[in-house]
Amino acid sequence: MEKWAGRLWLCLVMLLSLPELCLDQEPCPPEQPDPRALQCAAFDSQEFMGQLYQWEPFTEVQGSQLCELNCRPRGFRFYVRHTEKVQDGTLCQPGALDLCVAGRCLSPGCDGILGSGRRPDGCGVCGGDDSTCRLVSGNLTDRGGPLGYQKILLIPAGASRLQIAQLRPSSNYLALRGPGGRSIINGNWAVDPPGSYTAGGTVFRYNRPPREEGTGESLSAEGPTTQPVDVYMIFQEENPGVFYQYVISSPPPNLENPTPEPQTPQLQPEILRVEPPPASAARPARTPGTLQRQVRIPQMPAPPPPRTPLGSPVGYWKRVGHSECSASCGKGVWRPIFLCISRESGEELDERSCAVGTRPPASQEPCHGPPCPPYWEAGEWTSCSRSCGPGTQHRQLRCRQEFGGGGSSVPPERCGHLPRPNITQPCQLRLCGHWEVRSPWSQCSVRCGRGQRSRQVRCVGNNGDEVSEQECASGPPRPPSREACDMGPCTTAWFHSDWSSKCSAECGTGIQRRSVVCLGSGEARGVGPEESGVGTGEQTCAPGSRPPDMRACSLGPCEMTWCWYTGPWAECSSECGSGTRRRDIICVSKLGAEFNVTSPSNCSHLPRPPALQPCQGQDCQDRWFSTPWSPCSRSCQGGVQTREVQCLTANQTLSIRCPLHLRPSRKRSCNSQPCSQRPDDQCKDSSPHCPLVVQARLCVYPYYTATCCRSCAHVLERSPPEPA
C-alpha cells in the first residue's frame, strides 16, 4: 500500500447504517505491496485470448475509470478492464489521498472522514469559516544587543500564512529553531542556502535575494504549524528592522500543547558556544529535500569475503583506507584506496589476481580537517559618494572561517587579533567644473538713466567643455551675469538719419528724404519707449526746431529719348504641331518720368524687335472634324439639324483612330416650339415672292418664316411632323 498522509495505516469501517469511512492513525506496516498491483497479479494464472500474461496496473485513465481495475500485460501496449470495481480502500491514483469505495472515488476531509468535504480554513481550523482567524503582525525595530544569535520572535503552533522579512539588506541572517533548540535554518554558525525546509508540520521557504536588489532576506510558510517555532537573528550589525505577520485561530487550536504567543516580542540575546565536532563524528542529516551541510560519510565496514566459486579470481578488491585530505583545514576531498586481497589467506596479492572490471571506482569523497584560522573578508567598494571632486567609498567587512562544511561568517571577535582592513577610502572620479566668464560686460541697456548690462558666464570641466552647473555648485559662488548701470540724467532731442543716396527723378527736379524722430537721450537700445521709461512723442521736442525730412534734388535737365516697347507674346496659333505667335510693338517717347506713344518713324533709327515668331504646340493626334449644322427641317413642332462628322489625321487624311466616346453627334433636335393653329391678323406676307419661297421649301429658315408668315403657316398646317 502506498504512503498516505505521512505513512498512515488505512482502516476502512463500512457500516450499513452509517456509510462513512474513517482513517485510523496507526503506522502502515513497512514495505506493504500495492493493492492494485496485487489485484492485477491475481489474473496472471487466467488465460486471456488463449494466452497467459503477467498483469500490472494501468492508471493512465480519468473520471469514472479511476476505480476500475484496468491492467496491462507487461511488455505490451494494450490494457484490459478485468473488473468494474477495485477493492474498497484502493487508492484512486498513485500518490493521491483519494480512495475507491463501492466503485466511487472519495476524498478524505481534514476530519479524517472520507467524503465529508471538510477543509481547513485560513487559520487551520478544520471545517472553519475564518470567523476565528486573527492576524498578528508588527515590526521589530530594536537596535539589537551583542553580536551572535538573538531570539526575536516565537511563532505558536497553529499559525498560518507566515511572513518574516528584513526591511532592507544587511549582514544579519534570519534563523529558525524548533522545540528543544533543534536547528532548522542557519544553525551552528553555518549559513544555509536559500530553499525550502520542512519543520513544524509545514514547509518554510528561505529567500536571500542579491544585495543589489535592495530587498532583505525573508522566511515564509503556508502553515499551519503543528509545533512552536523560534525565530532568531544572527546579528553582525544593527537591526535594519524586521516585519512579521501570521494568521492564527483565536483561541488557537490545541495542537500538541502550543506555546502561548508573547504579547510583545523582544530581542533575547543568547551566547552560543559551538565547538567543531570530532573528526569521527557525523552531523545529523537534515529533513528530505534540504541541503546537507558539514555531512561526514562514515567509513563502511568491509563485507566478509565470500566463498570462491570455481573459475572466479583468487582475489577480491578491498578498501583499506584513503589518500590524504586535499585540505589541511576546512573542507577538502580524498580518494579511497583499494587493494587486491586473497580470498583464502587475506594477504595482499598482485592486482592481476583480481578482476579488473570489478574494481570499485576511486571517486572523490568529502573530507575535512580542523577549522581554518579566521580571516577578514572585505566586500566590494561602493560607488564614490560624489560624481566629481573628493568623495568617499565604503565596503562591508566580515570575519569568516572555513569549517568542514565550508566557509561561514563568525563573530568579529575571532578576527580581533588580525589587522582590520579599512572600510572607507577617499575617491575622486574626476575634477569638478569651475566658473568661466566668456565675454566682457555689454553696453548699458539705456543711453541715460538706470539700466542693466550683461555678460556670459558658464560652468566648464577640466577639459574646457561646458558641463552642468551642478558640477560647479561645490566651488566658489557663481559670478554675476547681470548688473545695474547708470548712464546719467535723460534729455530729449530731435534725431535724423542721413539723406537718401538717390534722387526721386532721374532728370530734372526730384526729392531726397530722411527720417526725423524725437527721442530721449536715454532711449533703450533694442526696446520700446514704454520699457525704457523715456517719452518719445514729438510734442516733447521743440516744434520749431524740427529738422526738415525732404529736400529738392536735380541730376540735370531732361532730354527726349525714344525706344521700342514690346508687349507679351500671344498664345501659339496652333494647339498642336507648328504655328506662330505675335506680340505688339510700339514706339514710346520718354521725357523725364513721362512716357508717350509716338509714331514708329521716331524709332526707325533703332533695331525693331520681331513681332512674329514660330511656335510649336503639342504633338497632333487624330481628331474629329465636323461641318456646320444644316438648317432645321421644320420651323415649329420639332425639326432636325444634321452635319457631317469625320476623323482626320494631322495631315488632314481620313483615320479610324479617333476616340469613339469623343465623337460629336451628327443630328440634333431644333424648333421644338408649337406651331400656330391659324394665322392671326399680324401674320402676313410682306414679300411678293412668298409663293416661290413655299415652292423652294425655304420656310424652314427663320427669315423666310417671318417674311412669308401666312404662306409658310399654311404649308406647316398641311405638312405632317417629320420624325426626329
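This report covers disulfides and two residues, Ser 711 and Thr 707, in a predicted model.

Local features are given at pLDDT of at least 70 and side-chain atom pairs at pLDDT 80 or more, while totals for chains, interfaces and linings use all residues. Residues are numbered from 1 along each chain as its sequence is written, and side-chain values use heavy atoms, with hydrogens and water left out.

## Disulfides

A disulfide is a covalent bond between the sulfur atoms of two cysteines. Here a disulfide is called when a pair of cysteine sulfur atoms lies within 2.5 Å, and the count comes to 20 disulfides by this rule. The table gives three of them, including the S to S distance.

| Pair | S to S distance | Angle about the S-S bond |
|---|---|---|
| Cys 340 and Cys 354 | 1.8 Å | 90 degrees |
| Cys 399 and Cys 415 | 1.9 Å | about 80 degrees |
| Cys 576 and Cys 620 | 2.0 Å | 100 degrees |

The link of Cys 340 and Cys 354 is right-handed. Cys 340 belongs to strand E21 (residues 336-342) and Cys 354 to the loop between E21 and strand E22 (365-368), so this disulfide ties together parts that are 14 residues apart in sequence. Strands (E, at least two residues) and helices (H or I, at least four) are DSSP runs, numbered from the N terminus. Cys 340 has 1% relative accessibility and therefore counts as buried; the terms are buried for under 20% relative accessible area, exposed for over 50%, and partly exposed in between, with a 1.4 Å probe and protein chains only. Cys 354 is also buried, because its relative accessible area is 4%.

For Cys 399 and Cys 415, the torsion about the S-S bond is about 80 degrees, so the disulfide is right-handed. The pair links distant parts of the chain, 16 residues apart: Cys 399 is in strand E25 (residues 397-403), and Cys 415 is in the loop between strand E26 (406-409) and strand E27 (424-427). Both cysteines of this pair are buried.

The link of Cys 576 and Cys 620 is right-handed too. Cys 576 sits in the loop between strand E36 (561-566) and strand E37 (578-582), and Cys 620 in the loop between strand E40 (612-616) and strand E41 (623-626), so the bond ties together parts that are 44 residues apart in sequence. At 13% relative accessibility Cys 576 is buried, whereas Cys 620, at 31%, is partly exposed.

Cys 563 is in no disulfide; the nearest cysteine sulfur, that of Cys 603, is 6.5 Å away. Cys 563 counts as partly exposed because its relative accessibility is 35%.

## Ser 711 and Thr 707

Ser 711 is part of helix H5 (residues 709-718). With 17% relative accessibility, Ser 711 counts as buried. Its side chain makes a polar contact with the side chain of Asp 685 at 2.5 Å. A polar contact is a pair of N or O atoms within 3.5 Å; within protein, one must be able to donate a hydrogen and the other to accept it, and residues adjacent in sequence count only if both atoms are side-chain atoms. Beyond residues up to four places away in sequence, Ser 711 is in contact (heavy atoms within 4.5 Å) with Asp 685, Cys 690 and Val 694.

Thr 707 is in helix H4 (residues 702-707). Thr 707 is buried, as its relative accessible area is 14%. Neighbours within four places in sequence aside, Thr 707 touches Lys 684, Asp 685, Ser 686, Ser 687 and Cys 690. Asp 685 and Cys 690 are thus in contact with both Ser 711 and Thr 707.
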